[in-house]
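Me: I'd like a close look at one part of this model: the place where the ligand sits. Please take it slowly, since I'm a first-year student.

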Amino acid sequence: MKDPVKDPKRQTADFDALVSDTGEGGEIHQHARKGEERLTTAQGVVISDNQNSLRAGAPGPTLMEDFAMREKIFHFDHERIPERVVHARGYGAHGTFTCTRAIPDVTRAAPFEAEGKETEVFVRFSTVAGSKGSPDLPRDIRGFAVKFYTDAGNWDLVGNNAPVFFIQDAIKFPDLIHAVKPEPDRDFPQAQSAHDNFWDFISLTPESMHTIMWAMSDRAIPRSFTTMEGFGVHTFRFVNADGVSTFVKFHWKPKMGLQSVLWDEALKSNGADPDRHRRDLWDAIDRGDFPEWDLGVQLFDQDFADSFAFDVLDPTKIIPEEDCPVEIIGTMRLDRAVDNFFAETEQVAFCTANVIPGIDFTDDPLLQGRNFSYLDTQLKRLGGPNFTKLPINAPKGCPVSNFQQDGHMQTAARKGRVNYEPNGWGEGPRAHPLEGYVSYKEPVSGEKMRIRPESFADHYSQARQFYISQTPSEQGHILSALVFELSKCEEPAIRERMVAHLLNIDEDLAQKAADRLGLATLPKPAPAARPTRMDLAASPALSIQANPPGSFKGRIMGVMLSDGFDGQVLAAIEKAVTKAGGLLRFIAPRIGGVSCSNDNPHPVTDQIGGAPSVLFDAVAILPGKDSLAGNPAAKDFLSDAFAHCKFIGWTKEAAELVGACGLEGSGDAGLCLLDDENTVTQFVTACEALRHWPREARFKG
Ligand code: HDE
């Protein structure tokens with residue numbers, strides 16, 4: 001980890017070298033540094049004074065002819081473009097996809113044609129509901145969009161961190177999004193599904209129940225981008241060089257393992273560090289700890305599709321990994337932050353219709369609607385049809401050649417006389433029937449009508465399957481999330497309708513939700529087009545807790561210190577955490593530093609008031625002369641760490657603080673007394689588990 005105190009980009013504290021101000025006699029007083037870049041207008045004219053506009057006398061009226069000021073302010077006034085209508089809050093990074101298993105027999109798609117082949121990628125992670133400036137940790141589905149700059153053109157895999165979606169037909173998307181966004185009259189709540197309009201819509205949309213289970217689970221409050229799975233959601237087609245098609249579902253599996261936070265942590269984290277996820281990704285890349293995901297595919301044919309219990313074209317359904325294995329075919333590594341957020345992350349334009357030879361669509365009605373929406377939204381956001389020329393959107397792996405011309409901001413005009421095809425001048429590009437994109441020859445027939453297939457009608461069975469695949473602790477989190485969200489709804493009928501749906505998913509869940517919501521009587525189960533199947537086996541792959549990372553790598557230990565702390569124990573912690581691949585933060589009453597029992601100074605990374613324990617994966621409490629028991633922030637630090645089931649290491653000097661938080665004699669196995677290297681090693685090993693879940697049994701409600 002980079003030592004913040006030794007950061008080479010540190011500023012000088014020399015005022016004289018930097019300040020621009022009016023000196024004696026009213027003249028601008030600014031030191032020009034040797035060899036420094038000149039400030040110019042957009043026309044390249046060097047600016048003489050960037051602090052004072054052109055005036056007729058002092059203070060005198062400002063002159064219209066001040067082109068430098070007018071141009072500067074004009075450009076500033078036009079800095080904003082419309083934020084994305086959904087997924088406005090996002091963060092991106094560059095990287096490389098490396099094929100680890102070639103599958104040319106299955107697809108001619110360029111990234112998978114040879115083992116070891118590398119393809120450049122750009123990834124943008126996002127939340128769905130919040131505005132661009134909203135916090136990183138609302139309860140929400142996350143976007144996971146990957147642009148592959150392949151040598152056969154750009155392919156966008158525009159996925160989410162849940163494998164299912166709320167609705168089955170794109171025509172419902174505007175209603176879903178209107179319902180979750182701030183209500184139109186009051187313009188709140190921001191970045192939250194916990195309000196009447198969302199649950200009103202959901203409670204009238206049974207097809208959303210499976211995704212609701214995901215959204216209420218810990219998947220919707222991920223620890224970081226680097227600990228989320230990604231899914232293409234829809235069933236796509238792979239097509240090989242002979243035109244043979246195989247169905248495919250895409251999965252991204254994080255090398256750091258699946259990890260999430262608890263809801264109370266998310267709430268507090270949004271206050272303590274609203275940029276938590278973007279900061280985490282930026283920092284990881286900055287320190288060279290490049291995040292990685294494996295790309296897995298579920299491959300199946302029409303026979304499997306016909307025999308599967310649900311329609312594989314229904315985006316509210318998964319195919320459990322246990323029924324069709326996820327085969328790993330490559331790894332993505334993100335190793336380069338953006339140079340400029342706006343130019344890259346804000347202007348990147350993903351589109352599900354950006355496919356390459358070897359990848360094709362299916363008749364999933366949600367996918368078909370998306371293919372229209374993304375191009376349409378780019379035109380609005382980026383202001384014209386030439387956004388494909390922006391460096392972040394332009395193909396990198398292959399030439400681009402066509403007769404598209406003109407339009408706003410054209411920067412790549414073709415030279416010469418010819419701008420049409422065919423032409424007799426023998427100039428310009430021609431289509432190629434073999435190398436070109438050929439759509440899969442899917443036979444299609446049918447009557448034109450507005451209809452939902454019968455095979456999409458079972459809305460509860462997989463919602464139940466997801467629920468029964470969770471550990472009891474995770475089931476408790478789903479219940480608490482439902483209670484939290486529905487308690488924010490003012491309209492009792494909405495709460496009742498939701499409990500009526502829950503009755504079709506799991507009776508115990510419905511009963512507990514009804515109790516905690518204070519429903520006087522249990523409603524009748526919601527009318528179901530298909531009865532819930534009780535025979536679907538649990539899918540262990542769906543649980544986070546059942547698949548712990550098994551290492552502390554990339555996670556953060558927050559060590560709280562005060563002057564006179566036990567230096568030997570800290571040294572042992574530093575050694576063990578570093579060995580485990582973890583990171584350390586040092587929290588103390590003063591940012592300027594702290595010293596240990598033999599007065600050796602130690603740097604501090606965070607001041608107690610600004611670093612609550614929600615920001616760390618595990619904590620150690622090492623007070624010295626000041627026991628910190630009288631410090632409210634220190635008490636919150638420890639109490640929250642305990643309530644959030646974190647592993648807590650403490651030295652005997654922390655006894656008073658432990659007592660002040662009412663934890664003395666708790667007999668809790670996640671509270672580890674540290675007095676030598678052995679106990680420290682045991683503590684850091686214990687931290688490999690995500691949390692000390694048995695502690696949850698103490699907390700009611
Ligand atoms: Fe999107 N979605 N979406 N979506 N979506 C957009 O495109 C849309 C859906 C997803 O980081 C928009 O450029 C419709 C499913 C991601 O830039 C817009 C439907 C999945 C991102 C749009 C869906 C997604 C978007 C807004 C229902 C997961 C962010 C801005 C048929 C598989 C991409 C933009 C980024 C963004 C439309 C449903 C993922 C309006 C009509 C399902 C990750 O075009």
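Reply: Pro 422 lies in the loop that links helix H10 to helix H11 (461–468), and the peptide bond leading into this proline from Glu 421 is cis, with omega near 5°. Helices (H or I, at least four residues) and strands (E, at least two) are DSSP runs, numbered from the N terminus. Before we go on, a caution: this is a predicted model, where local features need pLDDT of at least 70 and side-chain atom pairs count only at pLDDT 80 or more, while totals for chains, interfaces and linings use all residues. Residues are numbered from 1 along each chain as its sequence is written, and side-chain values use heavy atoms, with hydrogens and water left out.

Now back to H10, and on to your ligand. H10 spans 365–382 and gives the most to the shell around the ligand, six residues. Strand S5 (142–150) and strand S6 (153–160) also supply at least two residues each. A residue counts as near the ligand if one of its heavy atoms lies within 4 Å of it. There are 22 residues around the ligand, and Arg 84, Arg 124, Arg 370, Ser 373 and Tyr 374 come nearest. Sorted by class, the shell has eleven nonpolar, eight polar and three charged residues. Here Ala, Val, Leu, Ile, Met, Phe, Trp, Tyr, Cys and Pro count as nonpolar, Asp, Glu, Lys and Arg as charged, and the others, Gly among them, as polar.

Keep your eye on Tyr 374, which is found in H10. Its OH is the single protein donor to the iron atom of the ligand, 1.9 Å away. Donors are N, O and S atoms within 2.8 Å of the metal (3.2 Å for Na, K and Ca), and water is not among the atoms, so sites may look incomplete. A polar side-chain atom of Tyr 374 also lies 2.6 Å from a nitrogen atom of the ligand.

Two other side chains join in with polar contacts, meaning pairs of N or O atoms within 3.5 Å (within protein, one must be able to donate a hydrogen and the other to accept it, and residues adjacent in sequence count only if both atoms are side-chain atoms). Arg 124 has a polar side-chain atom 2.6 Å from an oxygen atom of the ligand. For His 87, an N or O atom of the side chain is 3.4 Å from a nitrogen atom of the ligand.

So that's the neighbourhood: Tyr 374 holds the iron contact, and H10 supplies six shell residues.
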